[in-house]
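Me: Could you take a close look at one part of this model for me and set it within the whole fold? I would like a connected account, and you can choose the part that repays attention.

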Amino acid sequence: MNLKDYILNVENFPIDGVGFKDVTPLLNDAKAFEFAINQMAEFVIKTKADVIVAPEARGFLFASAVAYATKKRFVLIRKPGKLPRQVISVKYDLEYGTNILELHKNDIKPSDKVVIVDDVLATGGTTEAIIELVEKEQGIIAGISFLIDLESLHQKELFKQYPLQKILKY
Ligand SMILES: O=P(O)(O)OC[C@H]1O[C@H](OP(=O)(O)OP(=O)(O)O)[C@H](O)[C@@H]1O
Ligand SMILES: Nc1ncnc2[nH]cnc12
């Protein structure tokens, strides 16, 4: 199966100059979604991580399915004001704007082995923010899995110090 057949490029969304990778056709196809989740799950098992961490909103779609498939704990990273208990926060830059991400305090325990799952790697700002949040809680990054890598938007070596999965490259 060629998963690229299920990713649409939408020009000038959400702002002029951005080529937006729309993953909804992949989610709309049960076999394509299963195929993608199985590849991510294989990678997550190899990392021997204890915890899967992912950012809202699209990250949740993939990470919760991978957490279910691998029987791993799932910890949420959310945009500001969404998590009800005490949080730690970081600010970061996106391909289209800036953002803040938050993690519930104590969701990650010291020495937890953490794998980050997300749909798209663009500038890497989101993932860098997640790494900062995890490391503030003394978690250890055991791997990072992306469905899509937009290679022109970041340096080639980005995150190479970690076990890294990039299923589709553009
Ligand atoms: O590598 P980066 O430049 O940080 O970009 C990648 C992030 O951007 C998208 O999320 P977005 O913040 O658009 O939120 P959404 O999932 O709620 O649409 C995507 O799901 C990644 O999390
Ligand atoms: N070009 C893009 N397409 C889809 N998601 C993104 N997140 C950041 N940049 C993106």
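Reply: The radius of gyration is taken over C-alpha atoms, and the globule rule is 2.2 Å times the number of residues to the power 0.38. For the 170 residues here, that rule puts a compact globule near 15 Å, and the protein agrees because its own value is 15 Å. Do keep in mind that this is a predicted model, in which local features need pLDDT of at least 70 and side-chain atom pairs pLDDT 80 or more, while totals for chains, interfaces and linings use all residues. Residues are numbered from 1 along each chain as written, chains are lettered from A and ligands numbered from 1 in written order, and side-chain values use heavy atoms, without hydrogens or water.

I would pick the sheet, but let me place it first. Along its principal axes, the C-alpha atoms of the protein fill a box of roughly 40 × 35 × 30 Å. The protein has four helices and nine strands (DSSP runs numbered from the N terminus: H or I of at least four residues, E of at least two). Read from the N terminus on, the elements follow the order β-β-α-α-β-α-β-β-β-β-α-β-β. Of the 170 residues, 48% count as buried (under 20% relative accessible area; exposed is over 50%, partly exposed in between, with a 1.4 Å probe and protein chains only). Contacts (heavy atoms within 4.5 Å) often reach far along the chain: among those between residues at least 6 apart in sequence, 59% join residues at least 24 apart.

Now to the sheet itself. Seven strands make up this open, mixed sheet, in the order S5-S6-S4-S3-S7-S8-S9 (a pair of strands needs at least two DSSP bridges). Its edges are strand S5, residues 87–94, and strand S9, residues 164–169, each of which pairs on one side only. On average, neighbouring strands are turned by 25 degrees against each other, with direction ignored (axes are lines fitted to C-alpha atoms, for helices over the stretch in contact; angles run from 0 to 180 degrees between N-to-C directions).

Look next at S3 and S4. Strand S3, residues 51–55, and strand S4, residues 73–78, pair in the parallel sense over five bridges. Within this pairing, isoleucine 52 stands opposite phenylalanine 74 in S4. Helix H3, residues 58–70, packs on the sheet and touches S3, S4, strand S7 (113–121) and strand S8 (140–149). The direction of H3 makes about 165 degrees with that of S3. Helix H4, residues 125–136, lies across S3, S4, S5, strand S6 (97–104), S7 and S8. Relative to S5, H4 runs at about 160 degrees.

The loops around these elements deserve a look too. Most residues other than glycine have a negative phi, and most peptide bonds are trans. In the loop between S3 and H3 sits alanine 57, which a cis peptide bond joins to glutamate 56, with omega about -10 degrees. The loop between S6 and S7 holds serine 111, whose phi is positive, about 75 degrees, although it is not a glycine. Serine 111 counts as exposed because its relative accessibility is 51%. Glutamine 138, in the loop between H4 and S8, also has a positive phi, near 65 degrees. With a relative accessible area of 53%, glutamine 138 is exposed.

Finally, the aromatic rings. The structure holds four aromatic pairs (Phe, Tyr or six-membered Trp rings with centres within 6.5 Å; planes under 30 degrees apart are stacked, over 60 edge-to-face, the rest tilted). One of them joins phenylalanine 13 and phenylalanine 20 edge-to-face, at 5.0 Å centre to centre and 80 degrees between the planes. Phenylalanine 13 is partly exposed at 42%, whereas phenylalanine 20 is buried at 15%. Another brings us back to H3: phenylalanine 33 and phenylalanine 62 have ring centres 5.9 Å apart and planes at 80 degrees, so this pair is edge-to-face. It links distant parts of the chain, with phenylalanine 33 in helix H2 (residues 30–47) and phenylalanine 62 in helix H3, 29 residues apart. Phenylalanine 62 is buried, with 0% relative accessibility, while phenylalanine 33 is partly exposed at 22%.

One more detail belongs with phenylalanine 13: a cis peptide bond joins phenylalanine 13 and proline 14, with omega about -5 degrees. You will find proline 14 in the loop between strand S1 (8–11) and strand S2 (19–22).
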